[in-house]
Amino acid sequence: MSDAELTVTVTGPVATVVIRNPARRNAMTPAMWRQLPLLLDGLEADPAVHALVLTGADGTFCAGADLGDLDELLEAGEGSIAVAAEERLAGFAKPTVAAIQGACVGGGCQLAVACDLRLAAEDARFGVPPAKLGLVYPAPTTRRLARLVGPSAAKHLLFTSELVDAGRALRIGLVDEVLPADGLAGRVVAVTAAIAERSRLTLAAAKEIIDGRADDDRVAWWHGQVRASGEAREGVAAANERRPPRFTWTPPAAG
C-alpha cells in the first residue's frame with residue numbers, strides 16, 4: 001500500500017493540505033494530482049474555511065511530479081492531470097498560502113506559483129527542470145511563472161534548470177517572505193489569521209480582479225455586493241468604534 005497521499009486538517013478558519021510521499025521527497029503521484037481538485041472542491045464549498053495553506057511533510061515541500069508513467073504524460077500534453085490540478089488551485093476562490101521548506105521543484109514549483117502567497121524557509125530551494133528532461137513546460141504554467149517573476153527570471157529558471165536558493169527567490173519575486181526554518185510555521189499562522197479576520201467579500205473580489213478573471217460586469221456585481229451586504233458600513237463603524245469588525249458576507253450558492 002502506498003503512503004503517498006494528500007492530507008487535510010482544518011484548524012479554525014484555516015485548512016491545511018499536506019503533500020506526503022516520503023519515498024520520493026513528496027513528489028506528486030498521478031493519484032495525488034487527481035485527488036487535489038476534489039479536495040479543493042470540498043474546501044471551497046465549506047463556509048467555515050476562509051483560507052488554505054499548502055505545504056509538504058517532513059521539511060520538504062514537493063520535489064516535483066512522479067514521472068513513472070511518462071507515456072501518459074506525453075500523450076496528455078496541456079491536458080495533463082498536473083495542469084488540471086494546478087489550474088484548480090489557481091482558481092480556488094479563497095486565499096491560498098504555500099508554506100515552503102526544502103525542495104520546491106518542477107511540479108512542486110507549479111503548485112507553489114499557483115498559490116496567492118508563498119512564504120519560504122531559508123533552506124528552501126526552487127527549480128524548474130523541464131529542459132533537463134526534454135519536456136515542454138505547460139503553457140498556463142509558463143505564463144503564470146512569467147507573470148510572477150518577469151520574463152527574464154522565468155527564462156533563467158527554464159533555460160538553466162538551476163536550483164535557486166530562498167534569497168534569490170525573494171529577490172526575483174518568486175516568494176514573498178523568507179523566514180528562519182523555526183519561524184515559518186508561526187508566520188504562516190499569523191498571516192492566515194490576519195486573512196481570516198478580513199472581509200471575505202473584499203478578498204474574493206480582489207483575487208478575481210488581480211487574477212484577471214473579472215470583466216466589467218463582474219466588477220459591477222462585486223460593487224453591488226458591497227452595497228447590498230452592509231459589509232462596508234460594518235467596517236467603517238468598527239474602525240470608528242475601535243473594535244474588530246464583524247464581517248458576515250458569504251459567497252452566494254453556486255447556480
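**Exercise 1. The core around I100**

Task: In this predicted model, find which residues I100 is in contact with, leaving aside its neighbours within four places in sequence.

Solution.
- Step 1. Set aside the sequence neighbours within four places; I100 is then in contact with F61, A112, R118, L119, A120, A121, A124, F126 and L184.
- Step 2. Place I100 in its core. The largest nonpolar core has 47 residues, and I100, F126 and L145 have the most contacts inside it.
- Step 3. Check for a further core. A second, separate one has 12 residues, including A51, A99, A121 and V191.

**Exercise 2. Helix α4**

Task: Determine how many of the residues of helix α4 (residues 107-114) are buried.

Solution.
- Step 1. Go through the helix. G107, G108, C109, Q110, L111, A112, V113 and A114 are buried.
- Step 2. Count and conclude. Eight of the eight residues of α4 are buried, so the helix is largely enclosed by the rest of the structure.

**Exercise 3. The tryptophan cluster**

Task: Describe the aromatic pairs of the structure, and state which residues the ring pairs link into a cluster.

Solution.
- Step 1. Choose the descriptors. A pair of aromatic rings is described by the distance of the centres and the angle of the planes.
- Step 2. Count the pairs. There are two.
- Step 3. Classify W221 and W222. Their centres lie 4.9 Å apart and their planes meet at 75°. Planes over 60 degrees apart count as edge-to-face, so this pair is edge-to-face.
- Step 4. Classify W222 and W249. The centres are 5.8 Å apart and the planes are at 55°, so the pair is tilted.
- Step 5. Locate this pair. W222 lies in helix α11 (residues 216-229), and W249 in the segment after α12 (231-241). The pair therefore ties together parts that are 27 residues apart in sequence.
- Step 6. Join the pairs. W221, W222 and W249 are linked into a cluster.
- Step 7. Check accessibility. W221 is partly exposed at 32%. W222 is buried at 5%. W249 is buried too.
- Step 8. Look for a charge over a ring. R218 lies over the face of W221, 4.3 Å from the ring centre.

**Exercise 4. Two positive phi angles**

Task: For N26, state the phi angle and the loop, and decide whether the residue is buried or exposed. Do likewise for D58.

Solution.
- Step 1. Recall the background. Most residues other than glycine have a negative phi.
- Step 2. Take N26. Its phi is positive, about 65°, although it is not a glycine. N26 sits in the loop between β2 (14-20) and α1 (30-45). Its relative accessibility is 3%, so N26 counts as buried.
- Step 3. Take D58. Its phi is positive as well, about 60°, and D58 is not a glycine. D58 sits in the loop between β3 (51-56) and α2 (70-76). Its relative accessibility is 66%, so D58 counts as exposed.

**Exercise 5. S161**

Task: Give the location, burial and contacts of S161.

Solution.
- Step 1. Locate S161: the loop between α7 (151-160) and β8 (164-165).
- Step 2. Read the relative accessible area. At 9%, S161 is buried.
- Step 3. Leave aside neighbours within four places in sequence. S161 is in contact with V128, P129, P130, A131, K132 and H156.

**Exercise 6. The whole chain**

Task: Test the radius of gyration of the chain against that of a compact globule.

Solution.
- Step 1. Compare. A compact globule of 255 residues would have a radius of gyration near 18 Å; the chain has 19 Å, which agrees.
- Step 2. Add the burial. Buried residues make up 43% of the chain.
- Step 3. Add the contacts. Among those between residues at least 6 apart in sequence, 69% join residues at least 24 apart.
- Step 4. Add the secondary structure: 12 helices and nine strands.

Technical notes:
Residues numbered from 1 in each chain as written. Predicted model: local features only at pLDDT ≥ 70, side-chain atom pairs only at ≥ 80, totals over all residues. Heavy atoms only, no water. Phe/Tyr/Trp six-rings, centres within 6.5 Å; stacked < 30°, edge-to-face > 60°. Buried < 20%, exposed > 50% of the residue type's maximum accessible area, 1.4 Å probe, protein only. Helix = DSSP H or I, 4+ residues; strand = E, 2+ residues; numbered from the N terminus. Lys NZ or Arg CZ within 6 Å of the ring centre and 35° of its normal. Rg over C-alpha atoms; globule rule 2.2 N^0.38 Å. Contact = heavy atoms within 4.5 Å. Core = buried A, V, L, I, M, F, W, Y, C linked by side-chain atoms within 4.5 Å.
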